[in-house]
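Thanks for asking me to look this one over. My notes follow as numbered points, best read with the model open beside you.

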Amino acid sequence: MLETIYLANPRGFCAGVKYAISYVETAFQENPETPLYVRKEIVHNQRVVEEMKKKGIRFISELNEVPDGATVVFSAHGVSPEVVKEATERKMKIGDATCPLVTRVHKKARNIKDTHQIIYIGHKGHDEAIGTMGEANMHLVESPEDVEALQNKITNEKPLTYLMQTTLSVEDTKNIVKKIEEVFPYVEHPQKDDICYATTERQDAVQKMLESVDAMLVIGAENSSNSVRLCQLAKKTRPASFQISKKEDVDPKHIMDSKIKILGITAGASSPQILVDEIVEEILKHFPNATVSLFPESREDTMSFKLPKELLKQY
Ligand code: SF4
């Protein structure tokens with residue numbers, strides 16, 4: 001029977017997600033007469049998107065869904081230059097809510113695109129990977145095996161280096177970088193890797209909890225890269241760990257069948273605290289005697305990004 005719930009800290013919203021949400025909400029409030037479109041989910045969380053829709057903010061998948069001259073905000077994951085080009089040509093007013101830490105990787109890509117061959121460590125099809133890879137010609141790798149397969153594609157013409165998605169597993173990425181070094185010993189290592197502080201800190205917090213819990217529950221959407229990584233990390237040592245995105249997904253049978261007495265809970269960087277509260281409440285309906293507290297070794301996420309003065313611009 002479940003006895004204890006420990007909440008991880010830091011968990012949930014990171015500085016980049018708070019920035020993107022605040023960007024859209026502020027732009028919407030400042031321009032009440034203009035329809036505001038957001039390209040793609042502002043962050044990978046349905047709850048956040050639904051709340052915004054209720055306020056009147058509109059969501060689109062691609063720019064061809066809106067008229068020329070429309071006002072469009074790009075999501076936290078960033079966009080490729082192709083998208084900016086189309087928006088510019090069609091005289092759209094643009095807001096760029098890309099997390100500054102993703103923008104940093106785009107800038108790095110632009111700086112080296114003519115001088116280097118670039119390997120991009122990331123997940124195929126993820127919005128961030130699509131956006132960053134649009135900046136330059138890059139070779140996508142998702143695993144050490146993908147690195148092996150690049151042997152015939154990398155030439156001697158230019159130096160070789162690599163960039164990465166911000167929400168990767170720290171451990172898995174180390175293995176991929178090790179493989180790159182092994183296959184291409186002349187590779188130029190960047191001064192700093194691109195996995196962001198939020199991803200690293202949330203994975204560290206889970207890692208520290210694993211010795212003290214029977215399983216971790218990760219709250220986050222299936223398409224949230226950092227949530228998926230947190231669950232994969234937890235499952236390595238606590239196989240009963242699981243990921244859900246809403247209270248309706250709480251399955252007391254899994255908790256009972258897996259004999260979970262101590263459950264750790266964390267949330268991906270795009271999951272709001274209200275989801276954590278609702279899910280904890282739902283679990284307590286089934287296990288009313290369980291206690292809930294912060295994991296003792298936790299700490300706050302104090303990072304924040306300031307919004308630019310001008311949110312919507314004609315490029
Ligand atoms: S997870 Fe990292 S890169 Fe992504 S929005 Fe948050 S701070 Fe930015």
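Which residue of β7 does I119 stand opposite? I119 has H139 across from it in β7. Please keep in mind that this is a predicted model.

1. **The strand pair around I119.** Strand β6 covers residues 117–121 and is joined to β7 by 4 bridges. The two strands run parallel.

2. **The sheet as a whole.** An open sheet is formed by 3 strands in the order β7-β6-β8, with parallel pairing. The edges are taken by β7 (138–141) and β8 (160–164); each has a single partner strand, so one side of each is left without a neighbour in the sheet. From one strand to the next, the twist averages 30°.

3. **Helices on the sheet.** Helix α4, residues 100–112, packs on the sheet and touches β6 and β8. The direction of α4 makes about 160° with that of β8. Helix α7, residues 170–183, lies across β6, β7 and β8 and runs at about 155° to β6.

4. **The ligand shell.** There are 15 residues around the ligand, and those that come nearest are C14, G16, C99, T166 and C196. At least two residues of the shell are supplied by each of α1 (15–30), α4 and α8 (197–209). The most comes from α1, which gives 3 residues. Helix α4 is worth a second look here, since it packs on the sheet and also supplies part of this shell. Sorted by class, the shell holds 10 nonpolar and 5 polar residues, and no charged ones.

5. **The database annotation.** An unreviewed UniProt entry lists H44, H77, H126, S224, S225, N226 and S270 under "binding site". I picked out two of these positions for the points below.

6. **H77.** This residue sits in the loop between β4 (71–74) and α3 (81–89). Is H77 buried or exposed? H77 counts as buried because 29 C-beta neighbours lie inside 10 Å, and the cut-off for buried is 20 or more. Apart from neighbours within four places in sequence, H77 is in contact with K40, V102, D127, E128 and G131. Of these, V102 falls within the α4 range of residues 100–112.

7. **S225.** Helix α9 spans residues 225–237, and S225 lies in it. With 26 other C-beta atoms within 10 Å, S225 is buried too. Setting aside neighbours within four places in sequence, S225 contacts H123, H126, Q165 and T167. One of these contacts, H126, also appears in the UniProt "binding site" list.

Technical notes: Residues numbered from 1 in each chain as written. Predicted model: local features only at pLDDT ≥ 70, side-chain atom pairs only at ≥ 80, totals over all residues. Pairing = 2+ DSSP bridges. Axes fitted to C-alpha atoms, helices over the stretch in contact; angles between N-to-C directions. Contact = placed C-beta atoms within 7 Å. Near = placed C-beta within 6 Å. Nonpolar A, V, L, I, M, F, W, Y, C, P; charged D, E, K, R; others polar. UniProt positions renumbered as here; feature names shortened; annotations may be inferred. Buried ≥ 20, exposed ≤ 12 C-beta atoms within 10 Å, placed from the backbone.
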